[in-house]
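Here's a walk through one chain, going from its charged pairs to its strands, its surface and its cysteines. Keep the viewer open as you read.

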Amino acid sequence: MNQTYGIAAVAAAVVATLVIGATGLRVSRTTSDFYVASRTVPPYLNAMAISGEYLSAASFLGIAGLLVAEGVEMLWFPVGYAAGYLVLLVFVAAPLRRSGAYTLPDFAESRLGSRAARRVAGVLVVGVGWLYLLPQLQGAGLTLGLVTGAPRWLGAVLVAVVVTLAVAAGGMRGITFVQAFQYCLKLTALLVPAVFLVLAWHGDPRPAAALDEPPAFRRPTQVTVESTVRIRIEAPLRAVATGTVDGRVLDDGRLALDPGVHEVGAGTTLRFPAGAPVPERESADGRRGGASSWAEPLSAGSDEHPLYTTYGLICATFLGTMGLPHVLVRFYTNPDGRAARRTTVIVLALVGGFYLLPPLYGLLGRIYAPELRLTGDTDAAVLVLPERLLGGTGGDLLGALIAAGACAAFLSTASGLTLSVAGVLSQDVLPSLGIRNFRPATLPAIAVPAVVSVAAGDLPVAGAVGLAFAVAASAFCPLLVLGIWWRGLTAAGAVAGLLTGGGSALTAVALTIAGPLEDGWAHTLLAWPAVWSVPLGFLTMVLVSLATRHRIPAGTEAAMARLHLPEDPAGRCARDPARSDDPMTRPRPGAEPGVTTR
């Protein structure tokens, strides 16, 4: 990729983010403006903003990378990401908007009348938000490192600074316009290059090479291995090496590799001739893909238990969307429940259309950038394809456009996550001082995951997002579904379910990232916990609520009526703000209603 074009494109995306976000500083005049845009965002604009923050680095880069590395069974990721909004539409969208809450802890307290439920929900919201921020910062480091050659940690730090400035400046109203713009940029950044890439692919004499096993280098290729890896060779392979291979130090020496497993040292450069098969990279426990695993779902590739893994992915993505704090907070900005439903339908169309593109990039990456499987940098497939297929100035310009889209991907999602986490911290951790506490809360909201991202090293972008979905599904899916649709839910049941379901999933994710178990059923159960943690959360909430049915909150009937009865004909609640249960519209004693002092 041409660094000049790439740096200019990324810089333009960052500047646009800051400029549009700064406009929110001029139009955010009240507390309600700052937190929920005064609940006046129309459905089409809100849908674009939701799509902008939802289509993260995992969608823009990670899905294609997983397809290159693992094969077609990873198509469950885009299917689940899109289908999650259908579940959200059916069960949650309109009642949640009618609740009048701003955050999930607000909903827990207003529905159950319990400060304990609010505190537990707040801790889990912060945990999910920080976990989801990790892959965004990883994607930032990958993109900016590839574009500029800078170390990856610098990209994560730069994004953290930009996001902090944008969120602290304009709040929800400013971020709404930023995220709507970034959705348009991300769609354009994938759609326009895809047209040219497909045309180039159509002119290839062997367009079906993606299904070949093993894949082959289509031209002489040089590969530099950053860390020590073990590779498996199925047939004799010749290459030129500089570095260490099987303990031998070579300096531009010819190398003949026999079938079997070989160790390539960190920093070694290998040059392969055109037509040479791509060596299979083995994991630490020696597992690898089967003879034709890429094009065959459930073929026991990198997972010992592929069917369970698939169900774990489906449960996490289908049910996790409704528990993502940065997505739910946007539904509170709709004028009413009907607008919330219309917003969700539009989001389904926008997100579904976008997800047609990453699988195409994954297929082309398998053909034209197969060495990424050897280096482990498969998340870079989207970024390198224009140069591989087109080359020249056209390829450089399209590569720069994709880099700008990738920048928008991690900026938009990181902004939404930081906004939601900072909202919880400012309301539940720091003293209640309105916007004056929201702005300082943005610092820990983004700083903690930034530090962890630098310390954790490389994480697969889409895989890390899948872990965040699992925790969100385990904690908040039971709370929202039962809280909205079951009168018998009690505060004790909700707290027990949150701790059991969300806590167990969060523990499983922490152990997965730490890596004490690398194979066997124990590793699989921890890596894909949603299959057992979501039912555990539901079961715990129901059983404990039945055991404490005498403690059903006194205002349950009124709360259920508020969730399910339509708004007045004008489309807005006619409650007196001074008696409102909405923390965003209830004025503080001695303050002018709806106005806060900065």
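Are arginine 118 and aspartate 106 buried or exposed? Both of them are buried. Bear in mind that this is a predicted model, and everything below is computed from it.

**Charged pairs**

The count of salt bridges comes to 7. One of them is the pair from the opening question: the side chains of arginine 118 and aspartate 106 meet with an N to O distance of 2.6 Å. Aspartate 106 sits in helix H7 (residues 104-112) and arginine 118 in helix H8 (residues 115-148), so this bridge ties together parts that are 12 residues apart in sequence.

Here are three of the salt bridges side by side:

| Basic residue | Acidic residue | Closest N to O distance |
|---|---|---|
| Arginine 118 | Aspartate 106 | 2.6 Å |
| Arginine 115 | Glutamate 109 | 3.4 Å |
| Arginine 373 | Glutamate 280 | 3.3 Å |

What about cover for the other two pairs? Glutamate 109 is partly exposed at 24% relative accessibility, and arginine 115 is partly exposed too, at 45%. Arginine 373 is buried, with a relative accessible area of 15%, and its partner glutamate 280 is buried at 18%. That last pair links distant parts of the chain: arginine 373 belongs to helix H14 (residues 372-375) and glutamate 280 to strand E7 (residues 280-282), with their positions 93 residues apart in sequence. Meanwhile, Asp106, Glu109, Arg115 and Arg118 are joined into one network by salt bridges that share partners.

**Strand pairing around E3**

Now jump to strand E3 (residues 237-245). How many bridges join E3 to strand E4 (residues 248-257)? There are 8, and the two strands run antiparallel. If you want a register marker, alanine 239 stands opposite leucine 255 in E4. The two strands make a hairpin with 2 residues between them, and in the turn aspartate 246 has a positive phi of about 55°.

E3 has another partner as well: 3 bridges join E3 to strand E6 (residues 269-272), again antiparallel. For this pairing, look for threonine 242, which stands opposite threonine 269 in E6. As a general reminder for picking side chains here, in a regular strand they alternate between the two faces of the sheet.

**A nonpolar patch on the surface**

Which residues form the nonpolar patch on the surface? They are Leu18, Trp153, Leu154, Val157, Val161, Leu165 and Val454, with about 580 Å² of accessible area together. Helix H9 (residues 152-202) gives the most to the patch, with 5 residues. Leucine 154 is found in helix H9, and it is partly exposed, with a relative accessible area of 37%.

**Covered helices and polar contacts**

Helix H13 (residues 358-368) is mostly covered, with 10 of its 11 residues buried. Among them are Pro358, Pro359, Tyr361, Arg366 and Tyr368.

Asparagine 46, in helix H3 (residues 43-54), is buried with a relative accessible area of 0%. What does its side chain meet? It makes a polar contact with the side chain of threonine 333 at 3.2 Å, and another with the side chain of asparagine 334 at 3.1 Å.

Serine 504 is found in helix H19 (residues 491-514), and this serine is buried at 18% relative accessible area. A polar atom of the serine 504 side chain lies 2.9 Å from the backbone oxygen of glycine 501.

**Cysteines**

How many disulfides are there? The count comes to 0. A disulfide is a covalent bond between the sulfur atoms of two cysteines. Why does cysteine 315 have no bond to the closest cysteine sulfur? That sulfur belongs to cysteine 477 and is 9.7 Å away from the sulfur of cysteine 315, which is too far for a bond. As for cover, cysteine 315 is partly exposed, with a relative accessible area of 24%, whereas cysteine 407 is buried at 2% relative accessibility.

Key: Residues are numbered from 1 along each chain as its sequence is written. This is a predicted model: local features need pLDDT of at least 70, side-chain atom pairs count only at pLDDT 80 or more; totals for chains, interfaces and linings use all residues. Side-chain values use heavy atoms; hydrogens and water are left out. Two strands pair if DSSP finds at least two bridges between them. Helices (H or I, at least four residues) and strands (E, at least two) are DSSP runs, numbered from the N terminus. Patches are made of residues with over 30% relative accessible area and no salt bridge: like charges are joined within 9 Å, nonpolar side chains (Val, Leu, Ile, Met, Phe, Trp, Tyr) within 5 Å. Accessible areas come from the Shrake-Rupley method with a 1.4 Å probe; for residues, only the protein chains shown count as cover. A salt bridge is a side-chain nitrogen of Lys or Arg within 4 Å of a carboxyl oxygen of Asp or Glu. Buried means under 20% relative accessible area, exposed over 50%, partly exposed in between (1.4 Å probe, protein chains only). A disulfide is a pair of cysteine sulfur atoms within 2.5 Å. A polar contact is a pair of N or O atoms within 3.5 Å; within protein, one must be able to donate a hydrogen and the other to accept it, and residues adjacent in sequence count only if both atoms are side-chain atoms.
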